[in-house]
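Biologist: Hi! Could you walk me through this structure?
Modeller: Happy to. Let's put it on the screen.

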Amino acid sequence: MASTVQTKTDLAHQCCIQPSCGATYDIGQVRTSCDACGSLLDILYDWESLPVPKSLAEFEAKWSRRHEPLSFSGVWRFRDLLPFAPPEKIVTIGEGQTLLHASDGVARFVGVSAGKLHLQYEGMNPSGSFKDNGMSAAFSHAHMIGARRAACASTGNTSASLALYCGVSKLMQAIIFIGSGKISYGKLSQALDYGALTIQIAGDFDDAMHRVQQVSQKEGIYLVNSVNPFRLEGQKTIMFRVLEALRWQVPDWIVVPGGNLGNSSAFGKAFHELHELGLVDRLPRLAVINAAGADTLYQLYEKRGLRWNGGRSDAALVNNYYAELDDAHRRASTIASAIEINRPVNLSKCLRALEWMNGVVREVTDEQMLDAKAQVGAHGLGCEPASAASVAGAKMLREEGVIEPGERVVCILTGHQLKDPTATVAYH
Ligand code: F0G
């Protein structure tokens, strides 16, 4: 896409994730892939010339200045670790005031020792899901470059978040693409309430994603799906808040549901950068949990041995797998509509995160997810079905002996319980 603005700083740039390519682009450009080789892009920083905190504890001091919106935000309190936006362009609505909750009840269910199981409750965000972390970042970039319209394809949470930022700021018109019958009413009602232009397309999320990429490219509409590298900069801060809540001690495991694979990709980058900056001495292990009915990552990583391999991953494995899906007319299908995705756009970045964090991938059935969800609810937090994949996956990995009983485990609860009450009522 062509839009370019002169940026004040050359201390941040966009860079192709493919080590053998490494093409770079100004952060004033709007793009979701590399012109030279088609790979995804990272936002990289010239840390040598930037004021990087000497210890993570320095971020705690920001909390005493919480009367300032940028220090109140759970994303922008960490802006020294995502320094791409001039402060006057940052759009914040108080995202990221989320809780890391130690749950001994859920620890018993998972099979780890008391005090070792933590739930990172991203449902407390303004639109009720983790998406606000990334949306604040992408939206700020959109504002930086003067966008007037922003679009996404969504299983519901990205669209609720985009619609909220547009509704509050009045800076842009939200245009959202959803698959037919593929969105819970809780999420759809948010987009309608906040005033987004909502377009239902024939097909599922994978079709909607394909369509919105075409349309936004053609019409010059700013795309906020997680192929947008700025989105993932905001989602890094989920990990910063986990560390903050653990008094900067690195946990043993981060367990996260996998859909379009933006979160897992962002978490890998967060820890990789912290390690490079000398702010942590080790990386936790990463477990990405697919729904069994939408298990592309599981199939490719665990069954067919696909690896990032330092950027030399086997593209034929992926292409063959997608051709098989097409031949068999196989579509993603799970009660966890948020992660009902078969063609995850961040696959390559997620593979890289799995390499950095010595990761594993598992798939859980709808029944395992709903049982885990009921346990989260019974112990007082509540989450939507997709979020509970993390808890169900942790239990599975514990039963396999991959997770040890004494290890510290953080499960990410990505969305609020009230996003999909139909699933909850049907279960009970
Ligand atoms: N959990 C919830 C509640 C989600 O809404 C999503 C993604 C995920 C997990 C998966 O996260 O894509 O980073 O692997 N929802 C997107 C949407 C696709 O449109 O709202 P991911």
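Biologist: Which residue in S7 is the bridge partner of alanine 150?
Modeller: That's alanine 174. Before we go on, keep in mind that this is a predicted model.

Biologist: Got it. How many bridges join strand S6 and strand S7, and in which sense do they pair?
Modeller: Six bridges, in the parallel sense. Strand S6 covers residues 149-154 and strand S7 covers residues 173-179.

Biologist: What is the strand order in that sheet?
Modeller: The order is S8-S7-S6-S9, an open sheet of four strands with parallel pairing. At the edges you find strand S8 (197-201) and strand S9 (222-223), each pairing on one side only.

Biologist: Let's switch to the ligand. How many residues surround the ligand?
Modeller: There are 20 residues around the ligand, and the closest are Ser154, Asn157, Gly259, Asn260 and Thr414.

Biologist: What does threonine 414 do there, in terms of atoms and distance?
Modeller: An N or O atom in the side chain of threonine 414 is 2.7 Å from a nitrogen atom of the ligand. Lysine 131 also reaches a ligand nitrogen, with a polar side-chain atom 2.9 Å away. With threonine 158 the contact comes from the backbone: a polar atom there lies 2.8 Å from an oxygen atom of the ligand.

Biologist: And how much of the ligand's surface does the protein bury?
Modeller: The protein buries 99% of the 480 Å² that the ligand exposes when taken alone.

Biologist: New topic: how many salt bridges are there in the whole structure?
Modeller: A search finds 22. One of them joins aspartate 42 and arginine 352, with N to O at 2.7 Å. That pair links distant parts of the chain, 310 residues apart: aspartate 42 is in strand S3 (residues 41-45), and arginine 352 is in helix H12 (residues 347-356).

Biologist: Are those two buried or exposed?
Modeller: Aspartate 42 is buried, with a relative accessible area of 7%, and arginine 352 counts as buried too, at 5%.

Biologist: Which residue does glutamate 122 form a salt bridge with?
Modeller: Its partner is arginine 241, and the closest N and O atoms are 3.0 Å apart. Glutamate 122 sits in the loop between strand S5 (117-121) and helix H4 (131-144), while arginine 241 belongs to helix H8 (residues 229-245), so this pair ties together parts that are 119 residues apart in sequence. Both glutamate 122 and arginine 241 are buried.

Biologist: What about arginine 31 and aspartate 35: is each one buried or exposed?
Modeller: They come out on opposite sides. Arginine 31 counts as buried at 9% relative accessibility, whereas aspartate 35 counts as exposed at 60%. The two form a salt bridge, with the closest N and O atoms 3.2 Å apart.

Biologist: Which residues form a network of salt bridges?
Modeller: Glu233, Lys236, Lys269 and Glu273 are linked that way.

Biologist: Last topic, cysteines. How many disulfides are there?
Modeller: The count is zero.

Biologist: Why is cysteine 15 in no disulfide?
Modeller: The nearest cysteine sulfur, that of cysteine 16, is 6.6 Å away, and a disulfide needs two cysteine sulfur atoms within 2.5 Å. Cysteine 15 is buried, with a relative accessible area of 11%.

Biologist: And where is the nearest cysteine sulfur for cysteine 411?
Modeller: The nearest one belongs to cysteine 383, 9.9 Å away, and cysteine 411 is in no disulfide. Cysteine 411 counts as buried, at 0% relative accessibility.

Conventions: Residues are numbered from 1 along each chain as its sequence is written. This is a predicted model: local features need pLDDT of at least 70, side-chain atom pairs count only at pLDDT 80 or more; totals for chains, interfaces and linings use all residues. Side-chain values use heavy atoms; hydrogens and water are left out. A salt bridge is a side-chain nitrogen of Lys or Arg within 4 Å of a carboxyl oxygen of Asp or Glu. Buried means under 20% relative accessible area, exposed over 50%, partly exposed in between (1.4 Å probe, protein chains only). Helices (H or I, at least four residues) and strands (E, at least two) are DSSP runs, numbered from the N terminus. Two strands pair if DSSP finds at least two bridges between them. A residue is near a molecule or strand if one of its heavy atoms lies within 4 Å of it. A polar contact is a pair of N or O atoms within 3.5 Å; within protein, one must be able to donate a hydrogen and the other to accept it, and residues adjacent in sequence count only if both atoms are side-chain atoms. Accessible areas come from the Shrake-Rupley method with a 1.4 Å probe; for residues, only the protein chains shown count as cover.
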